[in-house]
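Take a walk through the fold below. The route goes from a helix pair to a sheet, then to the enclosed spaces, and ends at a single proline.

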Amino acid sequence: NGYIIQQEWLDSHQPTLDYAYSFAVVGDTQWLSRYKPEKMKALYDWILANKDAKRIAHVFGLGDITDAWNTADKENEWIRAYEYISRLDGVIPYSLIRGNHDESKYFNKYFATDAYISQFDGEFMVDGDIRNSYKLVTIGSTDYLFMTLDFGASDEMLDWANGVVLAHPNHRVIVTTHAYHGFDGGHLNYDNVMSSGNITSASDVDTSVGNNNRGYNNGQQIWEKFVSLHPNIFLVMSGHTPLEDVFVLESEGVHGNTVTQMLIDPQWMDPQKDGVGMVCMLYFSEDGNDVDVRYYSTVRKQYGTQSSQFSVSLSPVLDNYKVRNASLSGGVFTAEVVFGDGFAQKDVKAIVATYAQGGALIDARISDLTIKKGTVPVNIPVDTTGCITYKFMIWEDMNSLVPIVPAKTYSK
């Protein structure tokens, strides 16, 4: 009859990728928190039990941890959520974000703990407030920066986020925030990001968000003011907008890089199916470029629909080059830089800097270089007296905010 019917639950759909590590992503648990807390516990039971078997390196929460913004039982919801999630402390690194159902005072009261804060090799935008944060971590062969952004992030928050990413151009950035996608799959562009019935409290948000009276931003604005501006932001994950499938949007940033954006929100599945405890598993290759996505019910012990089991490439323009045979000998830095299809011929500046014990700068030299697709040799004389480490990078010009080849550090 021309119709294709998807099987709703799959008994077996293991990743096909020979993966090096995985991330567990937990979408909105608000319904489980309020009505089926035992199944919320079961979700985290599964993550903990599969830490080693699934090589789980990090757990990302996408907000709406609770449904407590307008319930009499709000304190108990937070107590239970803390009990279930805090079992990850010291076992699996994790990050949380605040959704529109999560009041700031409870979010910070229960999760701004020493155990949670101590896992961040980075910082929080405001001391004692965990709503906006970043952490630096190396997993496999990839240096990552994980950033959390508060629900409806303000202009001030986005200014902070822009500064953090600019300061770490050699890290691949994963951003988690709550309200970013709309029902059409595009960026959330409601006039008011806190749509009717989704306001937490007057102290948390302003109801006139669409007018930006206090600078709060919807998904489209977060894309325009932050995400699209950086070539090393390659993945954004969010919840808030309920769908039964994992939805993927790929958008081109201003540098020509592809940003993969995932919407993961099972909040409609849970009430319709009596609580299924979905977790989205991302299985990564060693280089961090290839990912198998598997959407799994920790309650039913089954995978979701076929359309939520797929593979995706997460290779930004930032990785469309390789630095080979870098060495520092006889007072000269030499290397070969291999540029891919994304690089047109242009004149740029190559920089090498040498450092002494403790990080003191010895010398920094700038050399003109013409880059093009293919292999480009680099030869730069530099003072190596007392050198312990050295860095190499390429900038379009000395006024650029973002390098073409981020700083790479080598040991002498």
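Axes are lines fitted to C-alpha atoms, for helices over the stretch in contact, and angles run from 0 to 180 degrees between N-to-C directions. Helices (H or I, at least four residues) and strands (E, at least two) are DSSP runs, numbered from the N terminus. This is a predicted model, in which local features need pLDDT of at least 70 and side-chain atom pairs count only at pLDDT 80 or more, while totals for chains, interfaces and linings use all residues. Residues are numbered from 1 along each chain as its sequence is written, and side-chain values use heavy atoms, with hydrogens and water left out.

Start with helix 3 (residues 74-85) and helix 4 (residues 104-111). They pack at an angle of about 35°, and their axes lie 10 Å apart. The crossing is right-handed, a term for the near helix being turned clockwise from the far one by less than a right angle. Contact means heavy atoms within 4.5 Å. From helix 3 come Lys74, Glu75, Trp78, Ile79, Ala81, Tyr82 and Ile85; helix 4 brings Tyr106, Phe107, Lys109, Tyr110 and Phe111. These contact residues divide into nine nonpolar, no polar and three charged. Here Ala, Val, Leu, Ile, Met, Phe, Trp, Tyr, Cys and Pro count as nonpolar, Asp, Glu, Lys and Arg as charged, and the others, Gly among them, as polar.

Next comes the sheet. Two strands pair if DSSP finds at least two bridges between them. Seven strands form an open sheet in the order 4-5-6-7-8-10-9, with mixed pairing. Strand 4 (122-126) and strand 9 are the edges, each pairing on one side only. The twist averages 15° from one strand to the next.

At one edge, strand 4 runs antiparallel to strand 5, joined by four bridges. Phe124 stands opposite Ser133 in strand 5. The two strands form a hairpin with two residues between them, and Gly128 in the turn has a positive phi of about 85°. Strand 5 (residues 129-139) also pairs with strand 6 (residues 142-148), antiparallel over seven bridges. There Thr138 faces Asp143 in strand 6. Helix 6 (residues 155-166) packs on this sheet, touching strand 4, strand 5, strand 6, strand 7 (172-179) and strand 8 (233-239); its direction makes about 15° with that of strand 5.

At the other edge, strand 9 (residues 247-252) and strand 10 (residues 258-263) pair antiparallel over six bridges. Glu252 stands opposite Thr258 in strand 10. This hairpin has five residues between its strands, and Gly256 in the turn has a positive phi of about 85°.

How many cavities of 30 Å³ or more does a search of the whole structure find? There are two. On a 1 Å grid over the protein atoms alone, a cavity is a set of points where a 1.4 Å probe fits but cannot get out; lining residues have an atom within 4 Å of a point. Grid points are joined across faces, edges and corners, and a volume is the space filled by probe spheres set on the points. The largest cavity holds about 50 Å³. Its lining includes Tyr44, Asp64, Ile85 and Leu96. That lining divides into six nonpolar, four polar and one charged. The second largest holds about 40 Å³. Glu8, Trp9, Glu244, Met269, Lys273, Gly304 and Thr305 line this second cavity.

Finish at Pro381, in strand 19 (residues 374-381). Pro381 and Gly331 are 50 residues apart in sequence, but 5.7 Å apart in space, C-alpha to C-alpha. Leaving aside neighbours within four places in sequence, Pro381 is in contact with Gly331, Val332 and Arg365.

How values were computed:
1 Å grid on protein atoms, 1.4 Å probe; cavity = no way out; pocket = protein on both sides within 12 Å on 5 of 7 lines; lining within 4 Å.
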